[in-house]
Amino acid sequence: MQVEILGSAEEGADFVAKLALGRLSGGETHNLLVSTGGTFKPIYQRLRTEPASTYDNVRFYNQDEYCVKKANGAWGMIDQDDPQSFRRFMREQLFADTTVPSKYSFFPGIRDRRFAGTYDRMIAGHGGIELALLGLGRNCHLGFNEPGESVSPFGSVTRFVELTPETRVANYDPAINEPVPPAAITVGLGTIGLSRELVVVAFGEHKSPAIQETIWGEVSPAIPSSMLRLPENIGKTLLVVDEAAAAEL
Ligand code: PGA
């Protein structure tokens, strides 16, 4: 696994944006797995200023979206205009008022609750993911793959998951001031592992314990990001961190 340590989050965002644009201009990368979260805001800020032609043949596969209980008691996807919706996040951060077209943006849906892996089959049908851009949770989750063999085995596919209390606290946004939904549909660790290149991004001191565990901890679903060190993943993984997130290495 390679680790790239940049002086600041700004430099890190430049590095990741340039890497992604370099892959897209190479002509062999069409399918991106993309993440939401604060880490990606400065990266998307850079990507959305590129000319529209950069994204002519690009499909964006988003990692996850929240689920909520609907009035009839059944689980459904959060409304796409809800302030907490990741579909809204991507519209605002990457697609809206920008040159990046949203017509090729996909999200996992409630169908993955009944038929886990529907999204994986769609991705495979489109040729698979060439580049995955991933954030890292403080509890080492990738996507919403929360720690534990029973919830996030290394081979997991896109499915319904319940969120841990610490993730709901970490994702609470005071500007929105609503409780974070208790569940989501997320790509699995197995879905992520099928990508041909994995770039995991973490900035800030609060991520340094997670970076340390990712690199030095036990390889086990108790540390979901340790899947990056499986023999089939380690050679295609790059961690991009700033000095603050690298503090405990
Ligand atoms: P963050 O989220 O970028 O907002 O820190 C990362 C994650 O939880 O995956």
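**Exercise 1. Find the polar contacts of the ligand in this predicted model.**

Step 1. Start at Thr39. An N or O atom in the Thr39 side chain is 2.5 Å from an oxygen atom of the ligand.

Step 2. Go to Lys207. Here a polar side-chain atom lies 2.7 Å from a ligand oxygen.

Step 3. Check the backbone. Gly38 places a backbone N or O atom 2.9 Å from an oxygen atom of the ligand.

Step 4. Apply the cut-off. A polar contact is a pair of N or O atoms within 3.5 Å. Thr39 passes at 2.5 Å, Lys207 at 2.7 Å and Gly38 at 2.9 Å.

Step 5. Add the cover. On its own the ligand has 280 Å² of accessible area, and the protein covers 75% of that.

**Exercise 2. List the residues that surround the ligand and sort them by class.**

Step 1. Take the glycines: Gly37, Gly38, Gly135 and Gly137 are in the shell.

Step 2. Add Thr39, Leu136, His141 and Lys207.

Step 3. Sort. The shell has 6 polar, 1 nonpolar and 1 charged residues.

**Exercise 3. Place the ligand in its pocket and describe the lining.**

Step 1. Locate the ligand: the largest pocket holds it.

Step 2. Give the volume. The largest pocket contains about 970 Å³ of space.

Step 3. Count the lining. It has 35 residues; Thr36, Gly37, Gly38, Ala170 and Asn171 lie nearest the pocket centre.

Step 4. Assign elements. Strand 4 (64-69), helix 3 (86-95) and helix 6 (165-170) each give two or more residues to this lining. Helix 3 gives the largest share, 5 residues.

Step 5. Sort by class. The lining has 17 polar, 10 nonpolar and 8 charged residues.

Conventions: Residues numbered from 1 in each chain as written. Predicted model: local features only at pLDDT ≥ 70, side-chain atom pairs only at ≥ 80, totals over all residues. Heavy atoms only, no water. Near = heavy atom within 4 Å. Polar contact = N/O pair within 3.5 Å; in protein donor to acceptor, adjacent residues only side chain to side chain. Areas by Shrake-Rupley, 256 points an atom, 1.4 Å probe, with all protein chains shown as cover. 1 Å grid on protein atoms, 1.4 Å probe; cavity = no way out; pocket = protein on both sides within 12 Å on 5 of 7 lines; lining within 4 Å. Sits in = over half its atoms within 2 Å of the grid points. Nonpolar A, V, L, I, M, F, W, Y, C, P; charged D, E, K, R; others polar. Points joined across faces, edges and corners; volume = space filled by probe spheres on them. Helix = DSSP H or I, 4+ residues; strand = E, 2+ residues; numbered from the N terminus.
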